[in-house]
Amino acid sequence: MVEQSCPKSSATSVPPDLVLVVEDSRSIAGLLAERIDDELHLGPLVAYDRAQAKRLLDEKAERMVAAVLDLNLPDAPDGEVVRDVVSRDIPVIVLTATLEDDLRDYLIRVGVADYVVKGAIDSLDTVIQGLARIRRNRGIGALVVDDSRSARLHLVELLRRWGFGCEQAANGEQALERMRKPDSEIRLVICDQNMPGMDGITLIRNLRRQFPAHRLGIIGVSSYGSGLLSARLLKAGANDFITRPFLEEELSVRVNQNVDLLDLLRQAEDFARRDPLTGLGNRRYFAELAATLVETSERTKQPLAALVVDLDHFKQINDDFGHAAGDAALRSVAGMLGESVRRADLLARAGGEEFYILSLGLDLEGAKKFAERIRTSLEQLEVRYAGQRIAISASIGVASFSPPPSVEVLVEAADLAMYAAKKSGRNNVKLATQD
Ligand SMILES: Nc1nc2c(ncn2[C@@H]2O[C@H](COP(=O)(O)OP(=O)(O)OP(=O)(O)O)[C@@H](O)[C@H]2O)c(=O)[nH]1
């Protein structure tokens, strides 16, 4: 079995939304609190000494995303507050005036996520970036694969202090079994090369066949002196590698850079599927999800309905009020449609002033009622631009098949019905004929 090492989040109903700042300099504490609030939209909890910090921990520890701690406090001159916080499994960034080697060793040993030397021009920027990463990491599942229990636990402990939700597997087979589970998403795998049975390279090849580089970051771990091995790990599909023994800081940077890259790739993916004006999915997004809905309709023997919603005389709106007003109207319509559909429905902007909705479980009669409701809501929609009301209406075509032969047939049927609605005067709903 795969061991669950650290929970992804605490069991409280309020998601963690606070950052503890323990700093006796009121000016630094004030600056940090302001930036945590403004830039991260998290609630700063400020304590000026250890006693205050302990009280806040007793009251609100489970709501803390992370803590920023000064090492020298009036009632705790030797960093005692660090242990108070680390012992509660809250990721810690330490602010320190100086950094000698033995202090660095102590901080890593005691379990801090990061340390920042005070006074450098960008030190507060570094703290804010560190907090943003810890918050981001909380939503990311990581899997450590290593047959050595102590090596595995070391990696798990490091990932946990950086905020990751973390699981572990003792060999390649366990790791593949874990990756087959759809429940919690693992986005980062750190895997050792030398394992009995399936080695790291074979495991990475296997993983890469199933998970492209923008879905899963893989960091291979090789031993010192095996330069060729590192190259082979990369060739097998690892995004990066680290050589043992490593400094915790180096692993932290590699892990964070890889997760940053995953985020960027995910954003690029998202941009390719999203309409920038309305924030709705675009045609590409629609095509991908529609295929899944058709499959579900076939499998569950439920009808699948399509609505094609085309705004009337939109050119006239642009001509009368200007293109910016037309844009504002499209955004309002998208917002209204977003509120009208159920969570499981698929809504997309198909292009221009046309929107598609797919709804599983609606027969033609149900879909007609749904379309009528949308038509009426659009008619009543209050779109105001520069003090003037822009009247909106739509012609809606409706089709429902149980199951549809294909997405194309379903949408084409609804599209033809929409044209019939336009022909018969606009601002009405028409149903597709069964043939
Ligand atoms: N403001 C704005 N206008 C857009 C956008 N996309 C398409 N349009 C405009 O929507 C109008 C669509 O015009 P037509 O296809 O002639 O249709 P219509 O005027 O709505 O008339 P009917 O559909 O026949 O009722 C065009 O003038 C496009 O320029 C957009 O993103 N923003």
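## Around the ligand

Which elements each supply at least two residues of the shell around the ligand? In this predicted model, they are β12 (304–311), α12 and α13.

The ligand is surrounded by 17 residues, and D312, F314, K315, G326 and G352 are the closest. Sorted by class, the shell around the ligand comes out as seven charged, six polar and four nonpolar residues.

## How α12 meets α13

Two of those elements also touch one another. Helix α12 covers residues 314–321 and helix α13 covers residues 323–340; their axes come within 6 Å and cross at roughly 130°. Because of that crossing, α12 counts as oblique to α13.

On the α12 side, the contact is made by F314, I317, N318 and F321, while α13 brings in H323, A325, G326 and A329. The make-up of this contact is five nonpolar and three polar residues, with no charged ones. A couple of names turn up twice here: F314 and G326 belong to the helix contact and are also among the residues closest to the ligand.

## The annotated domains

UniProt, in an unreviewed entry, puts the feature "domain: Response regulatory" at residues 18–133 and 141–259. Across residues 18–133, helix makes up 47% of the chain and strand 22%, with the end C-alpha atoms 14 Å apart.

## How confident is the predictor?

The average pLDDT for the protein is 93, and 95% of the residues score at least 70. Residues 1–12 have a pLDDT below 50, and this stretch has 26 contacts in the model beyond near neighbours in sequence.

For the complex, the predictor gives an ipTM of 0.97 and a pTM of 0.73.

How values were computed
Residues are numbered from 1 along each chain as its sequence is written. This is a predicted model: local features need pLDDT of at least 70, side-chain atom pairs count only at pLDDT 80 or more; totals for chains, interfaces and linings use all residues. Axes are lines fitted to C-alpha atoms, for helices over the stretch in contact, and angles run from 0 to 180 degrees between N-to-C directions. Helices (H or I, at least four residues) and strands (E, at least two) are DSSP runs, numbered from the N terminus. Angles under 35 degrees count as roughly parallel, over 145 as roughly antiparallel, 65 to 115 as roughly perpendicular and the rest as oblique. Two residues are in contact if their C-beta atoms, placed from the backbone, lie within 7 Å. Ala, Val, Leu, Ile, Met, Phe, Trp, Tyr, Cys and Pro count as nonpolar, Asp, Glu, Lys and Arg as charged, and the others, Gly among them, as polar. A residue is near a molecule or strand if its C-beta atom, placed from the backbone, lies within 6 Å of it. UniProt positions are given in the numbering used here, feature names are shortened, and annotations may be inferred rather than shown by experiment. pLDDT is the predictor's confidence in each residue, from 0 to 100.
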